[in-house]
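Visitor: Could you take me through one part of this model at close range? I would like to start from the sheet that joins the beginning of the chain to its end, and then see what lies around it.

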Amino acid sequence: MNRNTITLQDRAGASHRVVYDPHASTLCWSSGDPVDLAKIGMAPQVRDRDWQHAVAINGVHAPGRKSRAIRRLKIQLGLKCNYGCSYCLQRFQPEAGSGAPDQVEAFLRNLPLWFDGGEDGKGAGVRFEFWGGEPFAYWKTLKPLGSAIKATYPNASFAIVTNGSLITPEIVEWLDALGATVGISHDGPGQSARGPDPLDNRLQRRHLLALYDRLLPQGRVSFNVVLTDTNHDLRAIADWFAAKLDRRALSLTVEGVVIPYHAEGHECSLGGDERQAAFMRSILHAVAAGEGLAFQAVRRKLDDFFQSLATARPAHALGQKCGMDRDDTIAVTLDGKVITCQNVSAAGTAPNGASHEIGNVEALDAVRLASARHWSHREECRNCPVLQLCKGSCMYLEGRDRQQACDNEFAWNLGLFAAALFLLTDMVPVQIDGPMRHPPAESAAA
Ligand code: SF4
Ligand code: SF4
């Protein structure tokens, strides 16, 4: 039985109960009547859909595979970066030596040999992502690479995440022509955890705002915030950007809550039940007040949760949070290595002892993703009330890092879960009983 009973408090202080099953995505009043989704403008949808089981990869025992029908292709140019964000997992990865301009020609020549070209052979349904480090630290490589891929696969979409400090007028023109969606990693009032603020540098600010102003009307740019122990007040973050951007229209999102991959990531993490509860309340209150909904990821995650209820999405259909366990999603280096994800080095080793280099594009059938495991192989996730929102966090972390990642994710996703219940019922959740991830979290009370 995977049901949680949640006590809600109405405005008069009276208690009510709902029963939520994160494995069947049902939410009912204690009477058994389903909670009405009409309040958030949704109706129950077809509920007898034939849901596919997600592939439950499990290290060397059941490694993941990759197919030529790639729909999300992440090209890691290298891990070089001109910033040193305190919690960045890439900082301590061994450099594997990729991203040189002279690798572009061979990469492009070989690409059609291992990639099916998308739904129409011209990139339809495919998203290309260019990753660093800082991708514009590889500008001499990125420019010919991206331009050639665009010419060959004009129907594909493109995405880049940058720290925004190396933008030039030439790059603005190129990104616009590429049709790329650009995420600017920036923590607003918490930017000091990342490094200098390009918005404080006269020249960098001019170029960055030129990019923002160019892509904003096309809905192709956002400032992306990582939430930490000291920087998670969505209202304060939105206010900070509004002032810093001279009251321009805001396009903000949340990259996620900080995940500790090394000691400094732990320092930014939510230590202890009280910090986690404060974080969770802050998310709930920001959404309830409306300002939290200014963040795209908040809207997207809430919508995905409401969709899970409307369609009764079973947990067995859930892949991992980032999608890197999927066979149609792949991260590669320019010299053809296939890696666990874009954030790791091919020369690195995962916590379970498997290499992050999981194969080569020249032998895609032989790729084996043995460095990670699906949430269904983790007891805490199987017993977690926010599974449908979190989807198991990072798939390769283990041990103490994994436990802290889970604590951080729990607070973030519980805040969103509580906010979703508030939007559905106009009541505030104050207690969750029933199956609970370990360690038991007092932070279940709002
Ligand atoms: S919060 Fe923790 S237990 Fe729950 S789904 Fe995420 S990683 Fe798993
Ligand atoms: S496996 Fe996924 S969540 Fe973990 S670092 Fe890579 S992209 Fe991020």
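Guide: Happy to, and what follows begins with that sheet and then moves outward to the other sheet, a helix and the two ligands. Please keep in mind that this is a predicted model.

Four strands make up the sheet you asked about, an open one with the order 3-2-1-13 and antiparallel pairing. Strand 3 (26-29) and strand 13 (428-433) each have a single partner strand, so one side of each is left without a neighbour in the sheet. On average, neighbouring strands here are turned by 30° against each other, direction ignored.

Strand 1 is a good place to look closely. Covering residues 4-9, strand 1 pairs with strand 13 in the antiparallel sense, and five bridges hold that pairing. One of the pairs to find on your screen is Ile-6, whose bridge partner in strand 13 is Ile-432. Another is Thr-5, which stands opposite Asp-433 in strand 13. Turn to strand 2 (residues 15-21) and you find six bridges to strand 1, again antiparallel. Here Thr-5 appears once more, standing opposite Val-19 in strand 2. Strands 1 and 2 form a hairpin with five residues between them, and in the turn Gly-13 has a positive phi of about 90°.

Now look at the two faces of strand 1. In a regular strand, side chains alternate between the two faces of the sheet. Strand 1 shows a covered face made of Asn-4, Ile-6 and Leu-8, while Thr-5, Thr-7 and Gln-9 make up the uncovered one.

Just past this sheet, Gly-434 sits in the segment after strand 13. Gly-434 counts as partly exposed because it has 17 C-beta neighbours inside 10 Å. Setting aside residues up to four places away in sequence, Gly-434 touches Arg-3, Asn-4 and Thr-5. Gly-434 and Ile-6 are 428 residues apart in sequence, yet their C-alpha atoms are 8.7 Å apart in space.

Let us move to the other sheet. It is open, has nine strands in the order 9-8-7-6-5-4-10-11-12, and its pairing is mixed. At its edges are strand 9 and strand 12 (357-360), each pairing on one side only. Strand 12 is joined by three bridges to strand 11 (residues 337-339), and the two run antiparallel. Ile-339 belongs to strand 11, and its bridge partner in strand 12 is Glu-357.

Ile-339 is worth a pause. With 27 C-beta neighbours inside 10 Å, Ile-339 counts as buried. Leaving aside neighbours within four places in sequence, its contacts include Gln-76, Ala-331, Val-344, His-356 and Ile-358. Lys-74 lies 265 residues away from Ile-339 along the chain, with 9.9 Å between their C-alpha atoms.

At the other end of the strand order, follow helix 5 (residues 234-244), where Leu-234, Ile-237, Ala-238 and Phe-241 are buried. These four cover an arc of only 95° around the axis, which puts them on the same side of helix 5. An α-helix has 3.6 residues a turn, so residues three or four places apart point the same way. What do the buried residues of helix 5 pack against? They pack against strand 8 (221-227), strand 9 (252-257) and helix 7 (272-289). After helix 5 comes Asp-246, with a positive phi near 55°.

Finally, the ligands. Around ligand 1 there are 14 residues, and Cys-381, Cys-384, Cys-390, Cys-406 and Arg-437 come nearest. Helix 9 (379-382), helix 10 (387-390) and helix 11 (399-425) are the elements that give two or more residues to this shell. Helix 11 gives the most, with four residues. By type, the shell of ligand 1 divides into eight nonpolar, three polar and three charged residues.

The shell of ligand 2 includes Leu-89, Lys-321, Cys-322, Met-324, Thr-340, Cys-341, Asn-343, Cys-394, Met-395 and Tyr-396. Seven of the residues around ligand 2 are nonpolar, two are polar and one is charged.

Definitions and conventions
Residues numbered from 1 in each chain as written. Chains lettered and ligands numbered in written order. Predicted model: local features only at pLDDT ≥ 70, side-chain atom pairs only at ≥ 80, totals over all residues. Near = placed C-beta within 6 Å. Nonpolar A, V, L, I, M, F, W, Y, C, P; charged D, E, K, R; others polar. Buried ≥ 20, exposed ≤ 12 C-beta atoms within 10 Å, placed from the backbone. Arc of directions from axis to C-beta. Contact = placed C-beta atoms within 7 Å. Pairing = 2+ DSSP bridges. Axes fitted to C-alpha atoms, helices over the stretch in contact; angles between N-to-C directions.
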